[in-house]
Amino acid sequence: MKEILLTLLVINQTFAFDQYINLGKFKNDNSIFKQKDIKKLSKKFLNTKYISNTLSNIEINTSKENLIINFEALDCFTFIDTIEALRISNDLNSFTNSLIKIRYKDAVVSYHNRNHFFSDWLENNNMKDITCTLGKCKKQTKVLNKNFKYLKEISEVKRDIYYIPANNIDMSKLQTGDYIGIYTKLKDLDVTHTGLIVKKNGLVYLRHASSKGKIVLDSLLLEYISSKAGIIVYRATD
């Protein structure tokens, strides 16, 4: 029995992490956890401040990952994982657990288990790649993070990435709440930006935490991607 208890203690210590939770204006607003309409839910975050690399400091400590929940400052990736976790939660506790499952492989909070790439969502979450259902798509085989170009201590991974050029997209097939990755031609990276689809007034928008605008905002999708190589589109399956 003593050996079992010691083992459990070691496991708990291995996966221990600190939490930083800042709910901002939603601190006393439980409705944020009840809203299931993703257009209304994500609208609550419009004009939220954009800050790059919200999960990392200048010097990344790969041996210690903190769980960061910050409704007052988002980057493009924490915006979409926050919205997806809120969509499937009912209170702060279920939201926290959902965010951990969405952000980290096997729900283990660690730098090495974090879903660093957009395509990691397809591998580790309840997402379906619907890119090629929207029109004529293209495939590119990539080795992500080759030679540790972007992320230290994260092994390179070979993947087939499917994307669709802007002029091939059947906009009528996109749905509000679809998650978008802006495809890049770089051989060792899948996307350079992320957001979600919002349809309103007969138009299709990309709702995203914008590094240019420095806030969460809406951009006309076709206008935004007109100069891009294409997009990748995932849809939640639950």
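Start with Cys132 and Cys137, which pair up as a disulfide with their sulfur atoms 2.0 Å apart. Keep in mind that you're looking at a predicted model. A disulfide, of course, is a covalent bond between the sulfur atoms of two cysteines. Turn the view to look along this one: the torsion about the S-S bond of Cys132 and Cys137 comes out at about 95°, so the disulfide is right-handed. If you go hunting for others, a search of the whole structure turns up one disulfide.

How well covered are these cysteines? Cys132 has 37% relative accessibility, so it counts as partly exposed. Cys137 is partly exposed too, because its relative accessible area is 23% and the buried label is kept for values under 20%. Cys76 does fall under that cut-off: with a relative accessible area of 16%, it is buried.

Now for the nonpolar interior. In soluble globular proteins, nonpolar side chains tend to be buried together. Here the largest nonpolar core has 38 residues, and the members touching the most others are Phe45, Phe71, Phe79 and Tyr179. Helix 3, which covers residues 76-87, is the top contributor to this core, supplying six residues.

Phe45 is a good place to zoom in. Setting aside neighbours within four places in sequence, Phe45 is in contact with Phe71 and Phe79, both also on that list of best-connected core members. Its other contacts are Phe26, Ile32, Leu74, Thr82, Ile83, Leu86 and Val216.

That isn't the whole story on nonpolar packing, though. There's a second, separate core of 16 residues, with Met171, Ile197, Val204 and Ile225 among them.

Definitions and conventions:
Residues numbered from 1 in each chain as written. Predicted model: local features only at pLDDT ≥ 70, side-chain atom pairs only at ≥ 80, totals over all residues. Heavy atoms only, no water. Disulfide = S-S within 2.5 Å. Buried < 20%, exposed > 50% of the residue type's maximum accessible area, 1.4 Å probe, protein only. Core = buried A, V, L, I, M, F, W, Y, C linked by side-chain atoms within 4.5 Å. Helix = DSSP H or I, 4+ residues; strand = E, 2+ residues; numbered from the N terminus. Contact = heavy atoms within 4.5 Å.
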